[in-house]
Amino acid sequence: MADTAGDVASSGVTGRGAPDPGDAGRLGDPLSVDALSPARLAPGSVALVGGGPGALDLITVRGLALLRQADVVVVDRLGPAGLVGMLGEGVTVIEVGKTPGRPSMSQGEIDAVLVEQARAGHRVVRLKGGDPFVLGRGGEEVLACRRAGIDVQVVPGVTSAIAGPAAGDVPVTHRGTAVALHIVNAHGDLGPADLAALRDPGTTTVLMMGVSWLPRLAAQAMLNGIDPTTPVAVVQSATTDSQREVRGTLATIVEAVEREGVTNPAVITVGRTSAEGFLVPDALDYVADAERLRRSGRQALADGDDRAVSEAGADTAATETVGAAADTAPVSPSPVLIGCAHGTRDRAGRDVVRAIMMRVRSTMPGTVVREAYVDVQEPEVGDVVRETAGPVEVLRTRETEDAPEAVVVPLLLSTGFHVGHDIEAAIAGHRAVSAGPLGPDPRLAAVMAERLREAGLAEGDAVVMAVAGTRNRAGQAMAREMLPLLSAELGRKVSIGFIAAAQPSVADAVTAARAGLPAGGRVAVANYLLAPGHFQKALADCGADIVAEPLGDHPLIAEIVADRYEAAIGG
């Protein structure tokens with residue numbers, strides 16, 4: 001039988017059978033593991049044990065009882081992995097933990113290990129961090145065992161989604177302040193349900209596995225109308241000796257985390273209970289009064305409480321509701337700027353678009369900036385227009401009668417179907433207007449030239465400007481207007497090639513440019529794309545010697561966006 005060392009061994013396990021009712025009295029400790037738990041791990045079976053958030057003493061009694069019976073322990077990197085060092089010498093420990101950015105065993109391989117070890121007749125404990133069924137892939141492991149005919153039991157654990165914040169003085173619910181909890185796998189974009197939870201002042205949102213994604217998550221939240229002053233807390237290595245906490249707001253937390261060097265493992269909470277000093281008596285302004293505390297659930301929240309609370313406890317709102325009609329959309333002191341991109345499944349492309357919008361936001365502090373898309377990504381431009389601009393028939397004061405409430409700035413380089421149809425359809429019937437596309441503009445030529453030089457453009461290289469392409473003749477003409485601008489910037493002739501939908505193709509343009517060069521001459525492609533994605537990848541086989549990066553996040557791009565916005569409102 002496997003045994004343990006130190007304090008774990010002192011509980012006096014003497015066998016694998018059912019506990020003797022007299023043991024507790026004989027041992028003099030009615031709170032011993034064996035007195036409290038009758039759990040048994042049979043040979044050839046598996047127990048999925050939730051080990052808790054990290055501290056060794058936060059494993060459950062049942063989990064510890066089963067761990068002490070194991071012949072084989074399959075252990076994660078997180079959770080109370082230190083417990084395995086206290087097990088007897090006859091216990092086989094198999095480490096399968098995943099480390100971000102490093103090669104690790106796949107989930108299928110882990111499932112196979114559990115089945116193989118159980119079929120060999122071993123008593124197998126799968127020791128997992130937190131709770132097996134809270135973003136722990138426990139369900140997959142149960143299914144793998146049952147498909148193989150292996151008996152499996154599950155021991156719930158203390159999930160770090162709740163224990164992590166609690167260790168950092170963040171209650172995930174609090175009567176009168178937070179009545180709901182939303183837990184997110186934050187290793188990816190936020191979905192509609194996640195954004196809805198972040199907008200709800202009565203909900204605490206817990207972002208798991210999200211430290212490396214925090215800049216993206218904060219940007220996406222703010223570009224979707226979440227109050228930038230919403231409190232955020234990050235607890236690293238919760239319940240261990242290495243625990244530390246960082247607090248801020250959506251607008252400040254990324255800088256705070258980077259400054260303090262916070263890394264995984266960490267739990268991020270967003271909501272009012274994350275505010276600094278929330279559990280300090282009388283430190284904040286939004287403590288529920290006695291009358292509300294006599295209510296329950298959402299009825300205990302403040303009447304009309306529909307705004308996030310800042311880090312300092314003051315109610316704030318990025319927008320102000322005008323008019324009494326239920327369908328009246330919120331407006332800001334100046335029209336909302338909706339940056340509308342095409343949308344992409346490419347992660348780098350999404351990051352670039354949001355970086356551009358966050359740069360615009362930082363240069364226009366008096367303007368609410370929102371993101372929107374015409375394809376692939378959410379939110380759709382029509383939804384954002386409906387949220388930020390009221391219908392044209394709503395009565396307004398004389399001062400605001402002719403003022404738009406939202407301006408859609410296409411993050412597109414030329415006109416085409418999306419500008420002429422999708423965006424126009426989105427603003428129809430609403431107090432919103434559309435600005436022109438970003439191109440043509442000499443500043444775009446300046447950015448393209450900079451990207452070419454970064455890629456190694458040399459004197460004598462021929463240059464082809466690669467354009468995404470459109471069947472719209474006006475859009476093609478707008479792209480061609482960039483040729484003299486880029487030629488002037490580079491001091492040499494530039495030809496054009498289209499990646500799709502128009503001629504000549506980029507490959508044909510590269511071939512033609514090479515034909516006019518001396519032997520050994522190089523052809524460079526200037527990338528007239530805003531961000532990485534499908535079209536960028538298509539340039540890999542164009543035959544050029546140099547392919548520059550897309551325009552990307554650049555101060556001049558943000559400047560053009562701001563100028564298009566100002567022109568649309570008559571600034």
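# Exercises on sheets and salt bridges

Arg443 has a relative accessibility of 18%, so the residue counts as buried. Here buried means under 20% relative accessible area, exposed means over 50%, and partly exposed lies in between (1.4 Å probe, protein chains only). The model is predicted: local features need pLDDT of at least 70, side-chain atom pairs count only at pLDDT 80 or more, and totals for chains, interfaces and linings use all residues. Residues are numbered from 1 along each chain as its sequence is written, and side-chain values use heavy atoms, with hydrogens and water left out.

## Exercise 1: Arg443 and its partner

Find the residue whose side chain meets Arg443 in a salt bridge, and place both in the chain.

Step 1. Recall the idea. Side chains of opposite charge can pair when their charged atoms come close. The cut-off: a side-chain nitrogen of Lys or Arg within 4 Å of a carboxyl oxygen of Asp or Glu.

Step 2. Name the partner. Arg443 meets Glu559, at 2.8 Å from N to O.

Step 3. Place them. Arg443 sits in helix H14 (residues 442-455) and Glu559 in helix H19. They are 116 residues apart, so the pair links distant parts of the chain. Helices (H or I, at least four residues) and strands (E, at least two) are DSSP runs, numbered from the N terminus.

Step 4. Check the cover of Glu559. Its relative accessible area is 38%, so Glu559 is partly exposed.

## Exercise 2: Two other salt bridges

Describe the pairs Arg451 with Glu454 and Glu141 with Lys128.

Step 1. Take Arg451 and Glu454. Their closest N and O atoms are 3.3 Å apart. Both belong to helix H14, and because they are three residues apart, about one helical turn separates them.

Step 2. Compare their cover. Arg451 is buried at 12% relative accessibility, whereas Glu454 is exposed at 53%.

Step 3. Note a network. Salt bridges with shared partners join Asp189, Arg216, Arg347, Arg350, Asp351, Arg354 and Glu371.

Step 4. Take Glu141 and Lys128. The N to O distance is 3.2 Å. Glu141 lies in helix H5 and Lys128 in strand E4, 13 residues apart. Both residues are buried.

Step 5. Give the total. The whole structure has 25 salt bridges.

## Exercise 3: The four-stranded sheet

Write down the strand order of the open sheet with four strands, then find its edges.

Step 1. Order the strands. It is E14-E13-E15-E16, with parallel pairing. Two strands pair if DSSP finds at least two bridges between them.

Step 2. Find the edges. E14 and strand E16 (432-434) each have a single partner strand, so one side of each is left without a neighbour in the sheet. The twist averages 25° from one strand to the next.

Step 3. Count bridges. E14 and strand E13 (residues 336-341) are joined by five. Ile338 has Arg370 in E14 as its bridge partner. Strand E15 (residues 406-410) and E16 are joined by three. Val408 has Ser434 in E16 as its partner.

Step 4. Look at E14 (residues 369-373). Five of its five residues are buried. In a regular strand the side chains alternate between the two faces of the sheet. Val369, Glu371 and Tyr373 are on one side of E14, and Arg370 and Ala372 on the other.

Step 5. Add helix H19 (residues 555-568). It lies across E13, E15 and E16, at about 135° to E15. Axes are lines fitted to C-alpha atoms, for helices over the stretch in contact (heavy atoms within 4.5 Å). Angles run from 0 to 180 degrees between N-to-C directions.

## Exercise 4: The five-stranded sheet

Which strands stand at the edges of the sheet with five strands, and which helix packs on it?

Step 1. Write the order. It is E6-E7-E10-E8-E9, an open sheet with mixed pairing.

Step 2. Pick the edges. They are strand E6 (180-185) and strand E9 (244-249), each with a single partner strand. Neighbouring strands are turned by 20° against each other on average, direction ignored.

Step 3. Pick the helix. Helix H7 (residues 192-199) touches E6, strand E7 (203-208) and E10. Its direction makes about 140° with that of E6.

Step 4. Check one pairing. E8 (residues 231-236) and E10 (residues 266-270) are antiparallel, over five bridges. Val232 stands opposite Val270 in E10.
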